[in-house]
Structure formats: structure tokens, C-alpha cells
Amino acid sequence: MSMPNAMALGAHRGSIELKQFFRERASVVFTFTFPALLLLLLGSIFDGDVSRGGVTGGQVLTASFAAAGIVSTSFVNLGSALAVERDDGTLKRLRALPMPPVSFFLGKIVLVVVAGLAELALLLAIGAVMFDLPLLHDPVSWFTMAWLFVLGVTACSLLGIAASSLARSARSAGAITMVPYTVLLFISGVYIPHQALPGWMADLGAVFPIKWLAQGFRAALLPDHMAELEPAGRWELDRVAIVLALWCAGGLVLCLTTFRWRSSLTR
Amino acid sequence: MNDTAIRVRGLRKSYRDTVAVADLDLDVHRGETLAVLGPNGAGKSTTVEILSAQRPRDGGAVTVLGTDPADADRRFRSRVGIVSQNASDLLELTVGEVVRHFAAYYPSPRDPDKVIAEVGLTDQSNRKIRQLSGGQRRRVDVALGVVGNPELLFLDEPTTGFDPEARRQFWDLIRSLAADGTTTLLTTHYLDEAEALADRIAVIAAGRIRAAGTVADLVDDREATVSWRDGRRTTTAPTALVAELGDAYQGEIPDLAVTRRSLEDAYLRLIGQEVNA
């Protein structure tokens, strides 16, 4: 009797993960609709700020929030979900099954990719409808968004898996991901533009992936002259790719060294 | 293939300073239901988790279905079913979705709908686990434990927290599963549960098996206690004593009772809490 195929099981896991995610109202509100709600609020407040070339505050915020949305559906979502699953018996039950670990992670990949794409579509739709962000102007822009999505989701998912091991129980799961996420949104030029931040804060933000992901999305979605407002005065897409790739590598090492199926509290 | 499903010799496991399992020996024969009976903290769950390849051991020789669980691969896991304690996961999925999903992991699963019917949840099949009662959720756990058509089933304190009626119903379910030849290792701290379900009972305390055998083996009922208004005597010949007393009282013996040692007496003696009678 042959064992079920690992890829097929990964697809099964993916569909179960998606059902669980979208049925759990708290996770949908927390990691999925929250970035969209914030974009609606902040975008409406700052839409009157018009910079050169008629680019509005709402359009800039939409581009930056595309990065926030990806981080939310990968880092925050995976990190808190795994901490909860380690605590409530999900991982223990799955580990006891004749399931290759790769199928479990394939399921998580399906979840973050589908949820991330849906999130991105929601945010871009808000930008287009509410803030007149032009979307279909350039195939290069879509290509840039595609590789940003792949690198961003990969890096942030791996970091989320690693962060989940820091949570000692399901109760601290939200804090372990929401606190760094919220802080980074402030110091990475998403909520507040770089120019308004103290120098040391902007420098600190530049260490982490959100700043680069947001810069990349602004490069993809905004007219080229807006690059002048970036810290370097350029889009620096090569640098964006390098930093995100480095975080992917670092995140993978952290995952491989820290991932546990069991909670330390259940001995 | 021999007739031993589980063979354990000198099993040891400690958590930091606490010894959970100390030099434990155990045999489970194919097709039997064995209850590991013991107080909380005796090492029951640790033993089950080691045997079912969910936890590494510190020492000892263990063979489960011809394999060392420390080397458990997918094939081994597909032959074993586990019903653990305290799971509170899968809440957003329906009974049918969960059982069908779990069936997909196994090379030759049972029909999910039949399994759902067996555990008595056909009417709840489209309800989310979140909406089920504690007893119904435990039935889902059992369904997930048996849907892979296991040769060996581990049930770790399956009825803890049940009301008496739910326990009775649950026992019927376990009996029907055991009746088709599945080897079952059950842990419990309820004497009546062990007595109702198991072919043999192994009494565990402080990480060691104190005795193992049928209820009759454990109780050792050669002696009975005869008590009446004016006295009390333990003897291997209670009938003769009662006849003697009948003659002495010339008719009814006041407050006569003849009792044999119960499983409870034997159990308390084995776990080192002798009753002061």
C-alpha cells in the first residue's frame, strides 16, 4: 500500500488552512481587513496632501500599505497562528499523523500566498477606487510587484515562523508579532514619511524588510519623479532585492534552528 | 509477526528533576484491550506518548508493532491511531471536513462517513467542531484516531470530564471498536472504566507497573470477609462459617454480610494507599 503523495497532501493542507483562516473571524479582522481599514482612514485624512505631479497622499499610502498588507498576512498571520497551534494541540496532533513535514509547510505556503494576493488585491482596489491610483499603466510595474510579492512573502513568512517560537503560549502570540509589526510600520516610512522621522529611527527602520518592501511598491506604483522623496533620492530596486533576499536567507536559518512542534510549557 | 503488539522493558523518562517513568515493563498482546490504570501523575500519558512515537525516551527497550517508535516513519504512524488529551484545535471546521481530511493522510483509510456514523455524529456531520459539546468533540477525536484503520489504538484518558451517561455511551463506542480486533491501549484513572473495557489491567504508580492481569488476577478473591452484628472474620471458607453462625443464632444471623475484596481494594493496595479497614 503506497503512502499518499506529499504534494497532494500539501494541497489538502492548503485548502484546510484557507478554510480555517477565513472562517476564524478574529484572524480575518486582525490580519486581513485591519490594513485595509487603516489605509481607508489614513488615506482619506492625508489625501489632500498633493505633491509634485499631482500624486496624492492617498496614492502614496496605498503603495506603502501594499507592503504592510503582505507583512500582515505573512509575518503576523503565520507567527500568531503557529504560536496558537503549538499551544492548542494542532501541531501535536499533526505531528502524530503519517504526514511528511513538507506537506504541512506547503499548506502554510498556500495560505500565505492566497491570503497575501487577496490582501494585495483589496488594498490596490481601495487605492484605485478611493484615491484614483492608476494601476494598469505599465507591465514593468506588475513585474516589479510580482517579485516583491515573492521575496516579501518568503522573507516575512520565514520570520513569522521563527517569531512564533518566542511566544510561550497562545495568549502571547498576538503580542509577539503585532508589536514588532506596528513599531516597524512607524519607523519604516509606511504610516509616516521618512523625512518626518528622526535620523536614527529611519536608520533603524532601514535594517528591516518592511522599509524596503514599501519602497519597492512605491517604485512599482508611483511615477518616477516621486523617487526624489526616497531617502537615497532613487528607488534603489537592486538594493530592495538584495536586502529582501538576505532576510529570506536569514529567516530560513532562524526557522531551521528554532522551529519546534511542541510547546515548551507542555514539556 | 508474533502475537505481541507492544513490548516494553526498563522504560525510563525524566523531565528535568522529575522522574515520570522509572523502569517500566509492559506487554500488550495483539487484539486485546489493555487498560493502564493509575492516579494522576503516575506516568500514563508519558508512556503512551513514548509508545506512540510522540516523545523520545531516556532509556529502555521498546518495540511497537515490530518497530522501535524512536525510528517511527510514516508507515509506522499510518498503522497507529492516537486519541490524546486536551486538544482544542480544528474548531472552525465541520465534523465531515475534519474526518475526510484526516482520512487523506492514510494509505488505506476507513470510509469517513461510516466512521462518523460509528461515533454517532452523523446528525452533526455538517456542524463546526466549535458548536459541539465536550463529549461530542471527544467522539471526533476518536473518529480521527480510527479513520486511518489502525492496527493499534492509543486512548489517553478518553472520558475525563464526562458525565456518567456520556461515559456509558462512550464505553459502548470503544467496545464496538475493540470488538473488530483492533489492539487498544487505554489509560484511565477510573477503576470502573478499566473494569468495563479492558481484557487486562496494568496498574501503574510512580512510573512503574505494579501489577498486570485480569480483574480476577488482581483482586485475588480466595478470601472473603463475613461480618455480622457481633463479629467479623476473613476466611477462605465463608460458607462453612455462615452455616456455623446459623446454628449458633438458631435462624437469622443479625446484620449478615459476606464481601469479597473489590478491585478498588486491590488497586489502592497496589498504588500504596492501603485502606484502613
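Begin by selecting B:V8, which stands opposite B:V62 in strand β4 of chain B; strands, like helices, are DSSP runs numbered from the N terminus, with at least two residues (E) for a strand and at least four (H or I) for a helix. What you have open is a predicted model, in which local features need pLDDT of at least 70 and side-chain atom pairs count only at pLDDT 80 or more, while totals for chains, interfaces and linings use all residues. Residues are numbered from 1 along each chain as its sequence is written, and chains are lettered from A and ligands numbered from 1 in the order in which they are written.

Next, widen the selection to residues 4-15 of chain B, which form strand β1, and see how β1(B) pairs with β4(B) in the antiparallel sense over 5 bridges; two strands count as paired if DSSP finds at least two bridges between them. Adding β2 of chain B completes an open sheet of 3 strands in the order β2-β1-β4, with antiparallel pairing. Its edge strands are β2 (18-29) and β4 (59-64) of chain B, each of which pairs on one side only. Neighbouring strands of this sheet are turned by 15° against each other on average, direction ignored.

Now select residues 44-51 of chain B, helix α1, which lies across β1, β2 and β4 of chain B and runs at about 120° to β1(B). Such angles run from 0 to 180 degrees between N-to-C directions, with axes fitted as lines to C-alpha atoms, for helices over the stretch in contact.

Move on to residues 152-156 of chain B, strand β6, where 5 of its 5 residues are buried, a residue being buried if 20 or more other C-beta atoms, placed from the backbone, lie within 10 Å of its own, exposed if 12 or fewer do, and partly exposed in between. Both faces of β6(B) are covered, with B:L152, B:F154 and B:D156 on one side and B:L153 and B:L155 on the other.

Which strands pair with β6(B)? Strand β5 (residues 80-83) of chain B runs parallel to β6(B) and is joined to it by 4 bridges, with B:V80 standing opposite B:L152. Strand β7 (residues 183-188) of chain B also pairs with β6(B) in the parallel sense, over 5 bridges, and there B:T187 in β7(B) is the bridge partner of B:D156. Add helix α6 (residues 164-179) of chain B, which together with β6(B) and β7(B) makes a right-handed β-α-β unit; right-handed here means that, with the strands pointing away from the viewer, the path from the first strand over the helix to the second runs clockwise.

Zoom out to the whole of chain B, which has 10 helices and 12 strands and whose C-alpha atoms fill a box of roughly 75 × 45 × 40 Å along the principal axes. Buried residues make up 38% of its 277 residues.

Finally, turn to chain A and select helices α9 (residues 209-221) and α10 (residues 237-258), whose axes come within 9 Å and cross at roughly 145°. Residues in contact, with C-beta atoms placed from the backbone within 7 Å, include A:W212 and A:L213 in α9(A) and A:L244 and A:W247 in α10(A).

One last stop is A:R23 in helix α1 (residues 6-23) of chain A, which counts as partly exposed because it has 15 C-beta neighbours inside 10 Å.

Notes
Contact = placed C-beta atoms within 7 Å.
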